[in-house]
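Colleague: Could you take me through one part of this model closely, and spell out the terms as you go? I am still new to this.

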Amino acid sequence: MRGEPSCPKCGGRVRAPGLFSDSWQCDVHGTVHPLQPVIPPSVEALSVVVHRTQVPVWMPWPLPVGWLFTGVTYAGDDRSGGRATAVACSGPGPLGGVAEMILVAEELGVGLGARYAGIDGPDPGPYMSVEKPAQAKVLAVGRPTPLWHVSGVPDDRAVFAGEARGLWLWAVMWPEQAGLLMYDELVLTDLRDAGAEVELVPCGALSPRLLKP
């Protein structure tokens with residue numbers, strides 16, 4: 001790993017537990033689950049996160065044609081385990097060009113998905129019209145999972161969010177037109193359940209979106 005842990009909500013520096021606090025602290029957001037340095041894409045990197053996290057590690061599987069795994073990170077420490085994960089993939093966009101996707105699974109209040117979405121957060125609820133039918137649906141570990149369009153995000157991306165396995169599931173895509181991918185009912189696998197299939201994941205170059213949303 002490279003670098004130091006940071007705040008999952010703002011990317012700022014965090015203080016490790018010590019004499020006066022038993023939790024990680026951000027000067028702006030108080031107690032947080034530290035965001036670990038981004039791990040360059042490799043099968044080994046995925047395996048590290050899969051074995052450390054307490055929440056799903058979502059990936060479209062099989063990946064759409066031409067798509068590659070482009071990085072992973074998680075929020076949490078050795079004591080608590082991962083409380084949020086972010087997996088990046090990229091490939092041909094539905095309207096041409098290159099599209100990028102980050103899938104986030106997280107516990108309530110962690111704030112990592114909101115950071116990638118470009119909203120204040122920490123959770124998507126205030127930005128979703130759940131009284132209306134869901135605009136998209138994925139198949140998450142075999143379960144039809146509705147996702148709602150998240151409003152108030154920057155114009156350069158499309159964001160959907162919902163609930164899977166009792167946790168927030170975010171799908172953040174660049175450019176905005178890449179959101180059309182969500183209407184194809186993607187099949188998502190929790191890589192914690194994938195076993196040896198993790199070794200088959202094709203890897204590309206590290207996504208800059210993971211480093212700077």
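Modeller: Let's start with Leu35, which is buried, with a relative accessible area of 5%; buried means under 20% relative accessible area, exposed over 50% and partly exposed in between, using a 1.4 Å probe and protein chains only. This is a predicted model, where local features need pLDDT of at least 70, side-chain atom pairs count only at pLDDT 80 or more, and totals for chains, interfaces and linings use all residues. Residues are numbered from 1 along each chain as its sequence is written, and side-chain values use heavy atoms, with hydrogens and water left out.

You will find Leu35 in the loop between strand E3 (30–32) and helix H1 (43–52). Helices (H or I, at least four residues) and strands (E, at least two) are DSSP runs, numbered from the N terminus.

What is Leu35 in contact with, leaving aside its neighbours within four places in sequence? Contact means heavy atoms within 4.5 Å, and the partners are Glu4, Pro5, Ser6, Cys7, Pro8, Thr73, Tyr74, Ala75, Leu112 and Arg115. Arg83 is 48 residues from Leu35 along the chain, and their C-alpha atoms are separated by 9.6 Å.

Now follow the chain on into H1, which gives five residues, the most, to the largest nonpolar core. Such a core is a set of buried Ala, Val, Leu, Ile, Met, Phe, Trp, Tyr and Cys residues joined through side-chain atoms within 4.5 Å. This one has 42 residues, and Leu46 and Leu191 are among those touching the most other members. Not counting residues up to four places away in sequence, Leu191 touches Leu46, Val50, Val57, Met59 and Val198.
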